[in-house]
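Please walk me through this structure. Start from a strand pairing and work outwards to the chains.

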Amino acid sequence: MSMLKSKPRDMLAIVQDEMIMTDRIAALITQEPRTIPELAALLEAPTYEINVWLAAMRRYGSVEAVGRADVDGYFKYELAAEAPESEGQE
Amino acid sequence: MKPNNDRPDLDYDVMIVGAGVAGMETAASLGDMGYRVLLVEKHSSIGGKSILLSKVFPTLDCASCIVTPKMAAAAHHPNITPMVFTEVDEIGRNDDGTFKVDLHRKASYVDFDACTGCGQCEVDCTVSVPDEYNYNLVGRRVAHIPFPQAVPKKALIQRRGQAPCTHTCPAGVKPSGFVSLVRAGKYAEAFHMHLADAPLVGSLSRACYAPCEGECSRSDTDGTVHIRAVKRYMVDRYYAEYPEPEYGPVETQRDSRVAIVGSGPGGLTAAFHLARQGHQVTIFEAEPYAGGMLRHGMPRYRMPKEVLDRDILNITALGVKIHTGEKVNSVAELKAMGFDATFVSVGNQVPRIIPLEGRDLPDFEMQDCMSFLRDTNVSDELPDIAGQHMVVLGGGNVALDVARTAIRMDAASVSILCLEPREKMPAHEWEVTEADEEGVQIFAGGSTKRIFTDDAGKPRIEFLKVANLEFTEDGKMKGFATEAGTEQSIPADLVVLAIGLGPSTKPFEDELTLAATGTIKVNAQTLQTSDPTVFAGGDAVLGPSIIVEAMGQGRRAAFYMDRLLRGEALDVPFGDELDVTDKQDVMDEIAEWDLRPQATLPVRPPRERIQSFECYEGVFSETEARTEANRCLNCAQCSQCQECVRVCPADCIDFSMKPEPMQLKVGTVVMSTGYEIMDPSNKELLGFGRLPDVISGPQMDRLLAPTRPFNAVLRPSDGKEPESIAIVLCNGSRDHTVCNPLCCRIGCMYSIKHAQLVMGALPLADVTIYTIDVRAFGKGYEEFYEQSKGMGVEYVKGKVSRIDPLENGNLSLHYEDMLGEGGLQTREHDMVVLTVGFLPNTEPFALYKGSELEADDFQYVREIDPVSEPARTNIEGLFAAGTVNGVRDIPDTVLHAGAAAAQAASYIQGLGGA
């Protein structure tokens, strides 16, 4: 898990990466739901930024939270039932 | 009596500026009285800041339930005209007590009448920006509906001029668009978007000199986005998947017949665009193969002929016929064949020949550059120059093409001899460098004197050092002198002249007006020649140009030829573009960003690449292409990727939309422009903007709203449900450190509302409110306060001085304990909400011209007598409603709006009939 030790990146810089990172997140949660810290570890990205990208995915209908938060307070996220398919093949 | 019948000279009885709670309420009151009300709102939805709240205090009613009915009432009232996304520019008072108003409706690029608010454009938009409606907690798309309850619920597209790359492309290609689509992994869409503007996608990906890259904003920081390489990945992928075009001729075919003379980039582009309009297009090409300079002039290592062939299929798939080996000798000939219009794009392929002493010596050969390149590019067998010493005269790109081609043909040596010093050679610097790496010898600053035979009977070329080379202001060579006694010579079995090309326009000199240089004279706007049915473009008009310039002319000519053939006037502008984005705006945005240097393409080493004519430049992988595309800074915000256009079911996107200026006469004006929220990053020690889990009150409202940005109330740093939340009051209100001594009047109840809502959303969470004191002055406020204590909210009387991050991701909050143990204390929380102060909105002062609209001591609009005549300002007939006079809660704002409506109505009545 990537804890924020320094000032987070500017929000414009974070959302600029959304188009690429949402595809990467989608690829990681295709097989099993994952929490933000798990995604952050896999993508080597700050949890703060994962949260922003997941919010975009949720807003546009490609991801949804699974049930309730776990004992540590984190939700797992999975692809929405009718998630729009990404054309990126990375 | 309908008051509006009394003043038919007025466009509206009342103009209300700002459509928050006060504006809507004032409008509704006046509308109910029968006045014609114009409700102007600069944002694209009415509702103000209140509609973004979660709930309201002290009733905890849903904010939407309170505000939405007011929005609906204002939007649908028969006497109210809401005018959203409109800015008031200037308000002035007329002598008769009415007001004249200059305003403009901003360009939304969406036809609001047609938009159904489906949001599909937003889903498919490829650019994200911070979402101001969620107070920058998350992003939103550039094509967007501001928020779910927006009224009117219409999309708009956020644009900031036109991206420099797109603005500069002479062919009208939109690099910002296809780069954005590649970033989003939409490769086929990227190809089709490019194709719609310029059909030779593959050729451009290989051979374009990419003026777009020269203008890229990123070139001022860590290197231009490698746009051409991104395009190369896109088109290679597409052509691999689609060896043939996916489309055929357009459905609506017309009878009009168009002849195009020459199949270079200009001609092919004109043919493509004309065929897409349904015209019957035939291209006549004198050479055996189509493609013009792309085919005959560009070496294969840069312009693979199979790529060009595939590009040409993009054009012929539309039904365009190409007759190769058919030279056109006159326009009259084409007219006789029944063509209604002609585009002459014969190019610039007549080589300039200079007299050269000794050229007739035995064993010496001299060629022109076009013959040499044509032979090497389209002949079945390459000319045999193995073992020969070759000298190319000239320092331009064509000379470099000849030399670099020859170095791949086993010549004993290849040299370039040019007049210019190396740093002033017309060829691109990178090309000179690559030629140098490949073993081409460059003799820059030399003037040919003669060819002679040495003692061994071998021909040599002798040249002198150029002593003085003069250039015109635009960089063209004007004249030169040589330095006597500086003769030197090099072996020269073969000399190729690459010292300039002239236009191939001779066949048309009796029919079309030519310039002294031989280029065809045209109308600069339409490209129409002296013969109205004949248009011309490309190098035949421009002289030597780059591919995209020729393609741009083909596209432009096609536009006007289409109009001519339809019988439409030609005096209309071509293209409808915004001004270029100010790069400084972009630079300011990215000032603190980390650098991401340009990705470099793999290039074969020089010794390896000269062994064949294969392309020596590699291709990005998919990851590399997307990563490089992601370096694009979205200079213009909207990338013009056209995805919104493609997916909009109502066909309501209109990029040609312009701001609509208006001038109106109204009876009275009510200012209800609201307040501003203080930026808590001004309180540096509290960490807002530096610590993600220190958020502002408005952000907390968004986290609590049903339309919240996250799936639950989560802390922003890692999406965890917070367990211990601190709410800190009075940040920027009652605070002389930010020059705001005023109590905000809202913060205490606002924070108690947050506390109660958090306890409802997160029943196990601890909530602590840090306060100087709690001011519960309104009806039901004290009960609301007591209720929160009963729910378990802890109150700490203490001023918070600093918030620090902890190793475990939580926050350490330092405060002065005023009631408990006293002294400086520290507590740990996992999220902190800063209840921020409110500031005056000073916009009204700038809008009113004439005598000064007066402010009070705190820069709110001054009410001249708040007790007996609320809402009256010092300008007779101009009123101020709601928080523009000072911060109020919603009930007080509604009351004040009622007062403003009464004042305005009274004033209108006093104006009497016209």
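## A strand inside a sheet of chain B

Val694(B) stands opposite Val832(B) of strand E36(B). This is a predicted model, and everything below is computed from it. Val694(B) belongs to strand E30 of chain B, residues 694-696. E30(B) and E36(B) run parallel and are joined by 3 bridges.

E36(B) has another parallel neighbour, strand E31 of chain B, residues 724-731. That pairing is made over 5 bridges. In it, Val728(B) faces Leu834(B) of E36(B).

How many residues of E36(B) are buried? The strand covers residues 831-836, and 6 of the 6 are buried, so E36(B) is largely enclosed by the rest of the structure. Both of its faces are covered. One side carries Met831(B), Val833(B) and Thr835(B), all buried. The other carries Val832(B), Leu834(B) and Val836(B), also buried.

## The whole sheet

These strands belong to an open sheet of 7 strands in chain B. The order is E30-E36-E31-E32-E33-E34-E35, and the pairing is mixed. E30(B) and strand E35(B), residues 823-829, stand at the edges. Each has a single partner strand, so one side of each is left without a neighbour in the sheet. Neighbouring strands are turned against each other by 40 degrees on average, with direction ignored.

E31(B) also pairs with strand E32 of chain B, residues 766-771. The sense is parallel and there are 5 bridges. Here Ala726(B) stands opposite Thr768(B) of E32(B).

A helix lies across this part of the sheet. Helix H25 of chain B, residues 747-761, covers E31, E32 and E36 of chain B. H25(B) runs at about 170 degrees to E31(B).

## A helix pair in chain B

Helix H16 (residues 397-406) and helix H17 (residues 429-438) of chain B pack together, with axes that come within 10 Å. The axes cross at roughly 20 degrees. The angle therefore makes H16(B) roughly parallel to H17(B). The crossing is left-handed.

H16(B) brings Asn397(B), Leu400(B), Ala403(B) and Arg404(B) to the contact. H17(B) brings Glu431(B), Val432(B), Ala435(B) and Glu438(B). By class, the contact of H16(B) with H17(B) has 4 nonpolar, 1 polar and 3 charged residues.

## Backbone exceptions in chain B

Some loop residues of chain B have backbone angles worth checking. Two prolines follow cis peptide bonds, and two residues that are not glycine have a positive phi.

| Residue | Angle |
|---|---|
| Phe57(B) to Pro58(B), cis | omega about -5 degrees |
| Val151(B) to Pro152(B), cis | omega near 0 degrees |
| Tyr109(B), not a glycine | phi about 65 degrees |
| Gln642(B), not a glycine | phi about 75 degrees |

Where do they sit? Pro58(B) is in the loop between strand E3 (55-56) and strand E4 (61-62) of chain B. Pro152(B) is in the loop between strand E10 (143-144) and strand E11 (156-157) of chain B. Tyr109(B) lies in the loop between strand E7 (99-105) and helix H4 (120-124) of chain B. Gln642(B) lies in the loop between helix H22 (622-629) and helix H23 (643-647) of chain B.

Are Tyr109(B) and Gln642(B) buried or exposed? Tyr109(B) is buried, with 22 other C-beta atoms within 10 Å. Gln642(B) is buried too, with 21.

## Chain B overall

Chain B has 28 helices and 38 strands. Its C-alpha atoms fill a box of roughly 110 × 70 × 55 Å along the principal axes. Of its 914 residues, 52% count as buried. Among contacts in chain B with a separation of 6 or more, 71% come from residues 24 or more positions apart.

## Chain A and its contact with chain B

Chain A has an open sheet of 3 strands in the order E1-E3-E2, with antiparallel pairing. Strand E1 (34-35) and strand E2 (63-66) of chain A are at the edges, each with a single partner strand, so one side of each lacks a neighbour in the sheet. E2(A) is joined to strand E3(A), residues 76-79, by 4 bridges. Glu64(A) stands opposite Glu78(A) in E3(A).

The contact between the chains takes 35 residues from chain A and 35 residues from chain B. On the side of chain A, helices H1 (11-16), H2 (18-29), H3 (36-43) and H4 (47-59) each give two or more residues. H4(A) gives the most, with 7 residues. That side has 20 nonpolar, 7 polar and 8 charged residues.

How values were computed:
Residues are numbered from 1 along each chain as its sequence is written. Chains are lettered from A and ligands numbered from 1 in the order in which they are written. This is a predicted model: local features need pLDDT of at least 70, side-chain atom pairs count only at pLDDT 80 or more; totals for chains, interfaces and linings use all residues. A residue is buried if 20 or more other C-beta atoms lie within 10 Å of its own, exposed if 12 or fewer, and partly exposed in between; C-beta atoms are placed from the backbone. Two strands pair if DSSP finds at least two bridges between them. Axes are lines fitted to C-alpha atoms, for helices over the stretch in contact, and angles run from 0 to 180 degrees between N-to-C directions. Angles under 35 degrees count as roughly parallel, over 145 as roughly antiparallel, 65 to 115 as roughly perpendicular and the rest as oblique. A crossing is left-handed if the near helix is turned anticlockwise from the far one by less than a right angle, and right-handed if clockwise. Two residues are in contact if their C-beta atoms, placed from the backbone, lie within 7 Å. Ala, Val, Leu, Ile, Met, Phe, Trp, Tyr, Cys and Pro count as nonpolar, Asp, Glu, Lys and Arg as charged, and the others, Gly among them, as polar.
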